[in-house]
Amino acid sequence: MAKNYPFPTYLIPLLIASTLLISTVSKTNGWKPMLPPELAIDESISQNLHDDIETIQLASKDYGNIMQEFPAAVFHPSSINNIASLIKLSYNSSVPFTIAARGQGHSISGQAMARDGVVVDMATFRKQRNGVGISVHEDPLIGYYADVGGEQLWIHVLHKTLEYGVAPVSWTDYLYLTLGGTLSNAGISGTAFRYGPQISNVHEMDVITGKGDLVTCSSQENSELFHAVLGGLGQFGIITRARIALKPAPQRVKWVRLLYSDFSDFTKDQERLISIDGIRTQHIALDYLEGMLLMHQGPINNWRSSFFPLPEHPRIASLITKHNVIYCLEVAKYYDDKSENNVNKGIQDLLQGLDYIPEFYYEKDVTFVEFLNRVRSGELKLDSQGLWNVPHPWLNLFIPRSQIMDFNSGNKET
């Protein structure tokens, strides 16, 4: 199912400093939610509804910590049919109420909120299932696959599949997100150029539609629903199960960062590496490729990964001072015992002829799990310092290749 995806666009993640943040001052003091009367009809629903202040406040915020919308209640489902009954109740009501599924609440603009409606807390459902929501199988036609509940975390999917020597091929940079959450958004990281986003590696899904029907869909069966839900931002149904493509898992990762002072060299080399197909050429094919900027406003090692050696920080800082902005190309190649002897030579052959600054080449050799879970340590560190639950205004832009130079130069017409 996976294939090369030489994207003609650049994905630019921007952390925007904003002074126009919506107030998150608690509105719950003296406030009592008004539950839709229909919710009291079905006992299996009403007994799982929670409207205490603490639960309501938790469901009124997300990772962005910019918006705040208060639901009337939070639903702790006891089964998939339980969720379907809730949605069906709203659909058949004379005055339907808003329903939003919340996994880890990692949205930034309120997508996991339901103003005056009901938030379905998928995290409590995951805890109730107690690890049952992930199973690995092998099929003679499609190979290994995993059936995964929409409430499950990708970090748990990783560990479960590794027990069988396999793993998904496409990942997000942060693994403590739910399967349903990332499949609703696409699931993009530095692996997407080769393996496609996560939504390109799904065989089939079970989805609860807006009518409350539980429907199995794929590219062949109920295909319109299948393609609408994948990347549909949760507007077309709640994913309760997805069948994820798996491949043999590597053991280790050769992880390299290269620094550039010239933006055109940086983009040219990035496009060259993306275009290499290891099957048709003598080069190895990379498994991960991303670019980033290093500027005065932040530390040499940001919270997402501590990569650059501490003794190198003054030298890198001096380079940033000289050029104002430095461009960093980050690449990775997976390998195992069989390919270990060839990976170093393969990397060097691959990078030969690139126009990075030669004396600013850095590499690490880490386990597969360490590489995929590299962001977690930064999160825990910030959380221990009380710096995690702060506003996260974040914007992802897709820039056409034809306009990336204009974007870099700050052309306002781009």
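**Notebook: strands, helices and cores**

Started at a hairpin: I found Val207 standing opposite Val215 in β10. A reminder to myself that this is a predicted model.

**Hairpin β9/β10.** I looked up the strands around that pair next. β9 covers residues 202–208 and β10 covers residues 214–218, and the two pair in the antiparallel sense over five bridges. Five residues sit between the strands, and Gly212 takes a positive phi near 90° in this hairpin.

**Met205 and the cores.** Which residues touch the most other members of the largest nonpolar core? I got Met205, Leu259, Phe308, Ile316, Phe368 and Phe371, out of 56 residues in that core. I then pulled the contacts of Met205, skipping residues up to four places away in sequence. The list came back as Val215, Thr216, Cys217, Phe226, Val229, Leu230, Ile239, Arg241 and Ala242. There is also a second, separate core of 23 residues, and I noted Val256, Tyr260, Leu329 and Tyr356 among its members.

**Strand β12.** Tyr260 took me to β12 (252–260). Eight of the nine residues in β12 are buried, leaving the strand mostly covered. I checked what β12 pairs with. It runs antiparallel to β14, with nine bridges joining them, and Tyr260 stands opposite Tyr327 in β14. β12 also pairs with β15 in the antiparallel sense, over seven bridges; there the bridge partner of Trp255 is Lys364.

**Helix α11.** I moved on to α11, residues 340–351, which has twelve residues. From first C-alpha to last, α11 reaches 18 Å, close to the 16 Å expected at 1.5 Å a residue. Which residues of α11 are buried? I read off Val343, Gly346, Ile347, Leu350 and Leu351. They end up on the same side of α11 because they cover an arc of only 115° around the axis. On the face turned away from that buried side, I found the exposed residues Asn341, Asn342 and Lys345. The buried residues of α11 pack against β12, α9 (263–275), β14 (325–335) and β15 (361–367). So noted: β12, β14 and β15 turn up again here, as packing partners of α11. Just after the helix, Gly353 takes a positive phi of about 90°.

**The open sheet.** Back towards the N terminus, I traced an open sheet of four strands in the order β2-β3-β5-β4, with mixed pairing. Its edge strands are β2 (49–50) and β4 (99–102), each pairing on one side only. Helix α4 (residues 122–129) packs on this sheet and touches β4 and β5 (118–121). I noted an angle of about 30° between the directions of α4 and β5. For the β2 edge, I looked at the pairing with β3 (residues 73–75), which is antiparallel over two bridges. Leu49 stands opposite Phe75 in β3.

**Helix α4.** Last lookup: what is buried in α4? Met122, Ala123, Phe125 and Arg126 are. Their arc around the axis is only 160°, which puts them on the same side of α4. I then listed what these buried residues pack against, and got α3 (80–92), β4, β5 and β11 (238–248).

Terms used:
Residues are numbered from 1 along each chain as its sequence is written. This is a predicted model: local features need pLDDT of at least 70, side-chain atom pairs count only at pLDDT 80 or more; totals for chains, interfaces and linings use all residues. Side-chain values use heavy atoms; hydrogens and water are left out. Two strands pair if DSSP finds at least two bridges between them. Contact means heavy atoms within 4.5 Å. Axes are lines fitted to C-alpha atoms, for helices over the stretch in contact, and angles run from 0 to 180 degrees between N-to-C directions. A nonpolar core is a set of buried Ala, Val, Leu, Ile, Met, Phe, Trp, Tyr and Cys residues joined through side-chain atoms within 4.5 Å. Buried means under 20% relative accessible area, exposed over 50%, partly exposed in between (1.4 Å probe, protein chains only). The expected span of a helix is 1.5 Å times one less than its number of residues. The arc is that of the directions from the helix axis to the C-beta atoms.
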